[in-house]
Amino acid sequence: MSSDEHAMLELYVLDAVDEMERRRFDKHLRACSTCRQQRDSMREVLADLSRMVAMPAPPQLREASSRDGPIDAAARQYCAG
Ligand SMILES: [Zn+2]
């Protein structure tokens, strides 16, 4: 195995490889348990991320982002004083 193939893992999981690279990496995956494990955990992370993106923001978070943050308020006070 070469380190080139290990570097391709992220691209492979993100589906950013072409057909030839995918086949090459598939072959590497069959031989390399390290990459298989990393691929599985990366896919879990990606699945979590896409669930988070698909979920609407909780109401308290939306409210907080529409209000002035504590830094803004402090900056205004500093400027006014
Ligand atoms: Zn590997």
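**Contacts, helices and exposure in a predicted chain**

L11 touches A16 and V17, leaving aside residues up to four places away in sequence. The model in which these contacts appear is a predicted one. L11 itself lies in helix 2, and helix 2 covers residues 9-13. A further relation links L11 with R22: the two are 11 residues apart along the chain, and their C-alpha atoms are separated by 9.4 Å. How exposed is L11? Because L11 has 14 C-beta neighbours inside 10 Å, it counts as partly exposed; the buried class would require 20 or more, and the exposed class 12 or fewer.

Between helix 2 and helix 3 runs a loop, and D15 is found there. The backbone of D15 deserves attention, since its phi is near 65°, a positive value in a residue other than glycine. Most residues other than glycine have a negative phi. The surroundings of D15 can be described by the count used above for L11. D15 has 8 C-beta neighbours inside 10 Å and therefore counts as exposed.

Beyond this loop comes helix 3, which spans residues 19-31 and has 13 residues. From its first C-alpha to its last, helix 3 reaches 19 Å, close to the 18 Å expected at 1.5 Å a residue. Helix 3 is hardly covered, with one buried residue among its 13. Helix 4, formed by residues 33-54, has 22 residues. The distance from the first C-alpha of helix 4 to its last is 31 Å, close to the 32 Å expected at 1.5 Å a residue. Helix 4 is likewise hardly covered: one of its 22 residues is buried.

The chain as a whole may now be considered. The protein chain contains six helices and zero strands, and from the N terminus on its elements run α-α-α-α-α-α. Of its 81 residues, 5% count as buried.

Finally, there is the question of confidence. The mean pLDDT of the protein chain is 84, and 78% of its residues reach 70 or more. Where in the chain is confidence lowest, and where is it highest? The lowest confidence is in helix 5 (residues 59-66), at a mean of 68, whereas the highest is in helix 3, at 95.

Note on methods
Residues are numbered from 1 along each chain as its sequence is written. This is a predicted model: local features need pLDDT of at least 70, side-chain atom pairs count only at pLDDT 80 or more; totals for chains, interfaces and linings use all residues. Helices (H or I, at least four residues) and strands (E, at least two) are DSSP runs, numbered from the N terminus. The expected span of a helix is 1.5 Å times one less than its number of residues. Two residues are in contact if their C-beta atoms, placed from the backbone, lie within 7 Å. pLDDT is the predictor's confidence in each residue, from 0 to 100.
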